[in-house]
Amino acid sequence: MRSALRSLLERTADHELFAHDTTPEIKESADHRVHTVDVGTPHQPKSAGARDSLALLRGWLPRAVADVPDAESAVGGKVAQGADFTAHLEERMPYVVGFVLLLTFATMVLIFRSVAVALSAIVLNLLSAAASFGVLVAVFQHTWAEGLLDFRSSGAVVSWLPLFLFVVLFGLSMDYHVFVVSRIREVALTGASTRDAVRQGITRSAGVVTSAAVVMVGVFGIFGTLSMVEFKQLGVGLTAAILLDAVVIRIYVLPALMTVLGKWNWWPAGIPGGGHGPSGRGRDRTGRAGRAATAAHRAGERSEYASSHRRQR
């Protein structure tokens with residue numbers, strides 16, 4: 001085993017992907033059954049150079065120990081741990097994302113009995129999540145914000161953060177979405193037009209949404225002041241997502257989308273009474289009923305007056 005590892009070290013000695021500041025030393029367990037050796041790399045743990053050195057080493061090692069009977073080999077370390085964890089997340093991420101999207105769709109359909117509302121909720125929440133990921137990349141994969149946030153960029157975002165942010169942000173965004181759409185639907189149920197329902201619903205919910213956003217931004221922003229880069233990325237990602245979701249998505253994008261969709265917002269169940277505004281059929285029915293009641297009342301007054309006049313005569 002020692003000779004096999006020495007041959008491996010000879011291959012790494014002159015390669016640019018491996019560090020040469022120290023001489024690797026082969027360590028052996030007391031029972032001579034386990035051998036380890038540390039091979040360094042001059043690149044950052046999450047950089048492309050570090051991943052290339054890991055892939056190269058994992059390709060060389062099995063061939064180096066192939067002639068050793070019953071030998072088992074593995075490459076560990078910080079670079080390997082990060083790469084393996086990222087690979088595991090990439091493998092499982094479609095299942096997590098799919099479960100969240102399906103659960104969101106089913107919940108929204110159950111609450112509002114509308115496929116359009118469910119689909120629009122998914123699209124808008126994905127939009128806010130994608131925007132927060134863009135902010136993370138712009139801030140932490142470059143160096144322009146290092147002085148502002150007091151950190152040193154590694155050129156990457158922490159591997160566990162995107163999936164964690166996606167799940168948390170979807171939950172928070174759904175909270176806003178359900179609250180705002182509920183207010184809009186309440187107004188639509190009174191017979192208001194879609195435009196009026198959207199305007200009044202946004203107005204009624206604006207104070208609560210804004211207050212909640214301010215509180216969460218203040219809390220999440222504290223994470224951005226901590227020393228660990230992981231917490232800084234978490235704080236910046238959550239803060240940016242809440243701001244974008246509460247200001248841009250819920251105030252501008254959601255009202256515009258629901259106004260454009262019109263009556264299709266409530267498909268297929270629809271709104272009792274048709275959801276027509278004061279200028280629609282709802283107002284006509286109300287107007288006819290009111291005019292009929294007024295005419296009957298006036299006829300009764302005239303009949304009572306005529307009867308009283310005959311008695312007097």
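R113 is partly exposed in this predicted model, because its relative accessibility of 47% falls below the 50% above which a residue counts as exposed. The residue is placed in the loop between α3 and α4, just after the end of α3. Its phi is near 55°, a positive value in a residue other than glycine. Most residues other than glycine have a negative phi, and most peptide bonds are trans. A second positive phi is found at H32, with a value near 65°. H32 lies in the loop between β1 and β2 and counts as exposed, because its relative accessibility is 54%. The peptide bond between W267 and P268 is cis, with omega about 5°. P268 belongs to the loop that runs between α8 (229-261) and α9 (281-312).

The protein chain has 313 residues, of which 33% count as buried. Its secondary structure consists of nine helices and two strands. Read from the N terminus, the order of the elements is α-β-β-α-α-α-α-α-α-α-α. Among contacts in the protein chain with a separation of 6 or more, 66% are between residues 24 or more positions apart. One pair of residues separated along the chain is F164 and L234, which are 70 residues apart, with 9.1 Å between their C-alpha atoms. F164 is part of helix α6 and is partly exposed, because its relative accessible area is 39%.

Helix α1 covers residues 2-13, twelve residues in total. The distance from its first C-alpha to its last is 16 Å, close to the 16 Å expected at 1.5 Å a residue. The buried residues of α1 are A4, L5, L8, L9 and T12. Viewed down the axis of α1, these residues fall within an arc of 135°, so they line one face of the helix. An α-helix has 3.6 residues a turn, so residues three or four places apart point the same way. The exposed residues S3 and E10 are carried on the face of α1 turned away from the buried side. The buried residues of α1 are covered by elements including β1 (26-28), β2 (35-37) and α2.

T12 shows the surroundings of one buried residue in α1. Its relative accessible area is 4%, so T12 counts as buried. When residues up to four places away in sequence are not counted, T12 touches F18, H20, V39, L57 and W60.

Helix α3 runs over residues 78-112 and has 35 residues. From its first C-alpha to its last it reaches 48 Å, close to the 51 Å expected at 1.5 Å a residue. A kink of about 40° is located at R92 in α3, shortly before the proline P94. Residues V79, A80, L89, V100, T104, M108 and F112 of α3 are buried. The elements that cover the buried residues of α3 include α2 (48-64), α4 (115-140) and α6 (161-189).

Aromatic side chains form five pairs in the structure. One of these is the pair of F166 and F170, whose ring centres are 5.0 Å apart and whose planes make an angle of 45°, a tilted arrangement. Both residues are in helix α6, four residues apart, which is about one turn of the helix. F166 and F170 are both buried. For the rings of F223 and F231, the centres are 6.4 Å apart and the planes are at 35°, so this pair is also tilted. Planes count as stacked when they are under 30 degrees apart and as edge-to-face when they are over 60. F223 counts as partly exposed because its relative accessibility is 27%. F231 is likewise partly exposed, because its relative accessibility is 33%. A contact of another kind involves R183 and F179: the charged end of R183 sits over the ring of F179, 4.9 Å from the ring centre.

Notes
Residues numbered from 1 in each chain as written. Predicted model: local features only at pLDDT ≥ 70, side-chain atom pairs only at ≥ 80, totals over all residues. Heavy atoms only, no water. Expected span 1.5 Å × (residues − 1). Bend = angle between axes of the 7 residues up to and from the residue. Buried < 20%, exposed > 50% of the residue type's maximum accessible area, 1.4 Å probe, protein only. Contact = heavy atoms within 4.5 Å. Phe/Tyr/Trp six-rings, centres within 6.5 Å; stacked < 30°, edge-to-face > 60°. Lys NZ or Arg CZ within 6 Å of the ring centre and 35° of its normal. Arc of directions from axis to C-beta.
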